[in-house]
Amino acid sequence: MTPDGTTEMTPERLREIYGDPSPRAAVKVIRKFDRHCRQFIEHSTFLVLASSDGTNLDVSPKGDPAGFVTVETDTTLLVPDRPGNNRIDGLLNILQHPKVALLFMIPTVSETLRVNGTAEICTDPALCDRFQVNGRSPKTVLRITAEEIFTHCGKAPMRGGLWKAETWPAARPVASLNEMIRDHGQVEVESIEQSAVEDRYRQTLY
């Protein structure tokens, strides 16, 4: 028991609460990108990449037109790194601790594809130039060697109504990015209007 009187959480206790995985869930992990994985990645327009420096965690969103991630071999992926805010938290993490996890998404598809593996940062100009958009190449490309690959059921996106337009808010329900930055960082911004944020996005997208 813990000091507050609750039962101490252990792997065994969690199994008592949740039970064992279904037979299908237990065997779905694969080690190579088969035709289903390749098709999923080919149509994905958005992913999140989780990384760690061994102590702290970071999750970074990445998006581009469908096919922006390339399956290089049966076990490796190439992911271009587009312009952002230059914090490069994920890249700095990879230098310290190369283990990463990716979650691929396709609009209107409830299921997701998960990849766990090891990343390296590539700066070869010829490789970066393969991922040009509007004549601009990414500064780096991640080569990710997969160790675990598996699909994830669509229950969470379905519960959240992620791809159901009728569940989306009629108007933006939160402040603009500039207003958040102003208030969080106590800094001056040129405008708190969302239209100003979107104009900057268009100017710096690639």
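**Salt bridges**

I started with the charged pairs and searched the whole structure, a predicted model, which gave eleven salt bridges. My reason for looking was simple: side chains of opposite charge can pair when their charged atoms come close.

My first stop was helix H1, where arginine 13 and glutamate 16 both sit, three residues apart, about one turn of the helix. Their side chains meet in a salt bridge at 3.1 Å, N to O. I then checked how open the two partners are. Arginine 13 has a relative accessible area of 30%, so I noted it as partly exposed. Glutamate 16 comes out at 59%, so that one goes down as exposed.

Next I turned to helix H8, residues 194-204, where arginine 202 and aspartate 199 are about one helical turn from each other because they are three residues apart. These two also form a salt bridge, and their closest N and O atoms are 2.3 Å apart. Arginine 202 is exposed, with a relative accessible area of 58%, while aspartate 199 is partly exposed at 34%.

I also wrote down the pair of arginine 87 and aspartate 89, a salt bridge whose closest N and O atoms are 2.8 Å apart. Here arginine 87 counts as exposed at 53% relative accessibility, and aspartate 89 as partly exposed at 26%.

Which residues are linked in a network of salt bridges? I found Glu72, Glu120 and Arg143 joined in this way.

**Another look at helix H8**

While I was in helix H8, I picked out glutamine 194, which lies there too. Is glutamine 194 buried or exposed? Its relative accessibility is 18%, so I count it as buried. Leaving out residues up to four places away in sequence, I see glutamine 194 touching Arg172, Ser176 and Leu177.

**Cysteines**

I checked for disulfides and the count came to zero. I wanted to see the reason, so I went through two of the cysteines.

Cysteine 37 has its closest cysteine sulfur in cysteine 153, and at 16 Å that is too far for a bond. Cysteine 122 has its closest cysteine sulfur in cysteine 128, at 7.9 Å, again too far for a bond, because a disulfide needs the two sulfur atoms within 2.5 Å. I looked at burial as well: cysteine 37 is buried at 7% relative accessibility, and cysteine 122 is buried at 8%.

**Phenylalanine 33**

Where is phenylalanine 33 found? I located it in the loop between helix H2 (23-27) and helix H3 (35-43). Its relative accessibility is 3%, so I have it down as buried.

I then listed its contacts, setting aside neighbours within four places in sequence. Phenylalanine 33 is in contact with Arg38 and Ile41, with Val71, with Asp74 and the threonines Thr73, Thr75 and Thr76, and with Leu77, Val115, Ala146 and Ile149. I also took the distance to phenylalanine 150: the two are 117 residues apart in sequence, yet their C-alpha atoms are 9.6 Å apart in space.

**The annotated span**

I looked up the UniProt record, an unreviewed entry, and it places the feature "domain: Pyridoxamine 5'-phosphate oxidase N-terminal" at residues 34-153. In the model, I get 18% helix and 44% strand for residues 34-153, and the end C-alpha atoms of this span lie 18 Å apart.

**A nonpolar patch**

Back at the surface, I noted a nonpolar patch of about 450 Å², made by Met9, Leu14, Ile17 and Tyr18. Leucine 14 belongs to helix H1, residues 11-18. At 40% relative accessibility, leucine 14 counts as partly exposed.

**Whole chain**

I closed with the overall numbers. The chain has eight helices and seven strands. Its C-alpha trace spans about 55 × 45 × 40 Å along the principal axes. Of the 206 residues, 29% are buried. I get about 13800 Å² of exposed area for the chain, with carbon and sulfur atoms supplying 54% of it. Finally, I took the contacts between residues at least 6 apart in sequence and found that 60% of them join residues at least 24 apart.

How values were computed: Residues are numbered from 1 along each chain as its sequence is written. This is a predicted model: local features need pLDDT of at least 70, side-chain atom pairs count only at pLDDT 80 or more; totals for chains, interfaces and linings use all residues. Side-chain values use heavy atoms; hydrogens and water are left out. Patches are made of residues with over 30% relative accessible area and no salt bridge: like charges are joined within 9 Å, nonpolar side chains (Val, Leu, Ile, Met, Phe, Trp, Tyr) within 5 Å. Accessible areas come from the Shrake-Rupley method with a 1.4 Å probe; for residues, only the protein chains shown count as cover. A salt bridge is a side-chain nitrogen of Lys or Arg within 4 Å of a carboxyl oxygen of Asp or Glu. Helices (H or I, at least four residues) and strands (E, at least two) are DSSP runs, numbered from the N terminus. Buried means under 20% relative accessible area, exposed over 50%, partly exposed in between (1.4 Å probe, protein chains only). UniProt positions are given in the numbering used here, feature names are shortened, and annotations may be inferred rather than shown by experiment. Contact means heavy atoms within 4.5 Å.
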